[in-house]
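Grab your viewer and work through these exercises one at a time. Try each task before you read its solution.

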Amino acid sequence: MIERQSLELALPGASIGAGAGAIAGGLTLLAGQPAGLAAQSALALAVPLAFFGGLYGVLLSHGIFRPGTFGPVGLYWMAGFPLSRLVQESVAGVGLAEGVLPFLAYQLMVSLGFAIGFLWLHERMMPHWLLRHAEGNPRAEALLGQYVRQAEASQPRSGKGARR
């Protein structure tokens, strides 16, 4: 069972995933689909994306992922995004007309773009979230320390050894 401390760290990623699903539902509505189908499509995508986004936060807090690294996150979403889209299409869509393998192959390509956007948003939201929760959550405090060390390492050096 996942503890409260880990669940707190899952919320930023889960909210990004849920927001992405809601935006996709809005795009479905803009494409001229009925409101009921757009809502069903949004929910069918938001739930699995929120699950995978939240799981990313939990894995990040357990040290499986490191802040600021794209490669492992790209691989993670190469599994999570196509599975999320498969759930959405099986519930609300008609995108499987050409078969499951071509559908999944296309989603695999699109997943890297999603991973870039997810990671970009997560890297901007998570430090602020950690600042608010670090005092009562040792996992948040430890993860905040990783973000601080990463920020310090990326700062240009000053002094005699610095390049100009």
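A residue counts as buried when its relative accessible area is under 20%, as exposed when that area is over 50%, and as partly exposed in between. Keep those cut-offs handy, and bear in mind that this is a predicted model.

**Exercise 1. Get the overall layout**

Task: Work out how many helices and strands the protein has, and what share of its residues is buried.

Solution: Start with the secondary structure. You should find five helices and zero strands, so reading from the N terminus the order is α-α-α-α-α. Next, look at the overall dimensions: along the principal axes, the C-alpha atoms fill a box of roughly 65 × 40 × 30 Å. Then turn to burial, where 39% of the 164 residues come out as buried. The protein exposes about 9700 Å², and carbon and sulfur atoms supply 66% of that. Finally, check the contacts: of those with a separation of 6 or more, 73% are between residues 24 or more positions apart.

**Exercise 2. Find the core**

Task: Identify which residues have the most contacts inside the largest nonpolar core, and which helix gives the largest share of it.

Solution: The largest nonpolar core has 24 residues, and the ones with the most contacts inside it are Tyr 56, Leu 60, Trp 77, Met 126 and Leu 130. Now ask where the core comes from. Two or more residues each are given by α1 (4-30), α2 (35-61), α3 (71-92), α4 (100-133) and α5 (138-154). The largest share, six residues, belongs to α4.

Zoom in on Tyr 56 to see what this looks like up close. Leaving out residues up to four places away in sequence, Tyr 56 touches Phe 65, Val 73, Tyr 76, Phe 118, Leu 119, His 122 and Glu 123.

**Exercise 3. Walk along α5**

Task: Compare the span of α5 with the expected one, then say which of the helices its buried residues pack against.

Solution: Take the length first. With 17 residues, α5 reaches 25 Å from its first C-alpha to its last, close to the 24 Å expected at 1.5 Å a residue. Next, pick out the buried residues of α5: Ala 140, Leu 143, Leu 144, Gly 145 and Tyr 147. Follow their contacts outwards, and you'll land on α1, α2 and α4.

**Exercise 4. Track down the salt bridges**

Task: Count the salt bridges, and decide whether Arg 85 and Glu 89 are buried or exposed.

Solution: Look for a side-chain nitrogen of Lys or Arg within 4 Å of a carboxyl oxygen of Asp or Glu. The count comes to three salt bridges.

- Glu 3 and Arg 139 meet through their side chains at 2.9 Å, N to O. Glu 3 sits in the segment before α1 and Arg 139 in helix α5, so this pair ties together parts that are 136 residues apart in sequence. Glu 3 is partly exposed at 36% relative accessible area, and Arg 139 is partly exposed too, at 23%.
- Glu 8 and Arg 4 have their closest N and O atoms 2.5 Å apart. They are four residues apart in helix α1, so about one helical turn separates them. Glu 8 counts as buried because its relative accessibility is 17%.
- Arg 85 and Glu 89 form a salt bridge at 3.1 Å, N to O. Both lie in helix α3, four residues apart, or about one turn of the helix. As for burial, both Arg 85 and Glu 89 are buried.

**Exercise 5. Compare three leucines**

Task: Place Leu 30, Leu 59 and Leu 112 in their helices, and classify each by its accessibility.

Solution: Leu 30 is in helix α1 and counts as exposed because its relative accessibility is 74%. Together with Ile 23 and Leu 27, Leu 30 makes a nonpolar surface patch of about 370 Å².

Leu 59 is in helix α2, and at 23% relative accessibility it is partly exposed. Not counting residues up to four places away in sequence, Leu 59 touches Ile 64, Phe 65 and Tyr 76. For a distance check, Leu 59 and Leu 29 are 30 residues apart in sequence and 34 Å apart in space, C-alpha to C-alpha.

Leu 112 is in helix α4 and is partly exposed, with a relative accessible area of 33%. With residues up to four places away set aside, Leu 112 touches Phe 70, Gly 74 and Met 78. Leu 112 and Gly 71 are 41 residues apart in sequence, and their C-alpha atoms are 9.8 Å apart in space.

Technical notes
Residues numbered from 1 in each chain as written. Predicted model: local features only at pLDDT ≥ 70, side-chain atom pairs only at ≥ 80, totals over all residues. Heavy atoms only, no water. Core = buried A, V, L, I, M, F, W, Y, C linked by side-chain atoms within 4.5 Å. Buried < 20%, exposed > 50% of the residue type's maximum accessible area, 1.4 Å probe, protein only. Contact = heavy atoms within 4.5 Å. Patch = residues over 30% accessible without salt bridge, like charges linked within 9 Å, V, L, I, M, F, W, Y side chains within 5 Å. Areas by Shrake-Rupley, 256 points an atom, 1.4 Å probe, with all protein chains shown as cover. Expected span 1.5 Å × (residues − 1).
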